[in-house]
Amino acid sequence: MLNADKTVTVIHHEKTADGDAYFCHVLRGVSWHTQNRYTVETTGQKPSRTHKIRIPFSLLGGYLDPDAFRELPDKAGFWTLAHEDKIALGEHESITGAEFAALSRSPDACTVLDIHKNFYGHSRHIYAEGG
């Protein structure tokens, strides 16, 4: 995969009986592209960023769909990616709720808005788009 040279952390958020839980999973060798966009509003143009992340199939060891991940009694060694999760550039071994919320304001992180599983052809990967 072209330009798959970034290290990112997928941060999955789940509500549990005990409160909120945050699961971090570091991936090395991911493609990260940021596109600046503008939305036309009555007051003028409003800038926004769209992040396009491609996770090569070779990095999907331990990946489960969100429903299967939620049902696991012991989540060690597994990870998932769901809408409203965060993906941040760099390595994060753990994260607090306040840090998770602060990622929304960071140019080096995004909230996952769309996920595509492209598991066909010669360049199999998960494509995530975030803002």
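This is a short exchange on strand pairing, cysteines and one glutamate in a predicted model.

The model is predicted, with local features needing pLDDT of at least 70 and side-chain atom pairs counting only at pLDDT 80 or more, while totals for chains, interfaces and linings use all residues. Residues are numbered from 1 along each chain as its sequence is written, and side-chain values use heavy atoms, with hydrogens and water left out.

Student: What makes β1 and β4 a pair?
Tutor: Strands are DSSP runs of E, at least two residues, numbered from the N terminus. Two of them pair if DSSP finds at least two bridges between them. Strands β1 (residues 6-16) and β4 (residues 86-89) have four bridges, in the antiparallel sense, so they meet that rule. One of the bridge partners in β4 is K86, opposite I11.

Student: How do you know that β4 pairs with β5?
Tutor: Three antiparallel bridges join β4 to β5 (residues 109-118). In β5, C110 is the bridge partner of I87.

Student: Why is C110 not counted in a disulfide?
Tutor: A disulfide is a pair of cysteine sulfur atoms within 2.5 Å. The closest cysteine sulfur to that of C110 is in C24, at 14 Å, so the two are too far for a bond. The count is zero disulfides.

Student: Why is C110 called buried, but C24 partly exposed?
Tutor: Buried means under 20% relative accessible area, exposed over 50%, and partly exposed in between (1.4 Å probe, protein chains only). C110 has 2%, so it is buried; C24 has 24%, so it is partly exposed.

Student: What makes E14 buried?
Tutor: Its relative accessible area is 8%. E14 lies in β1.
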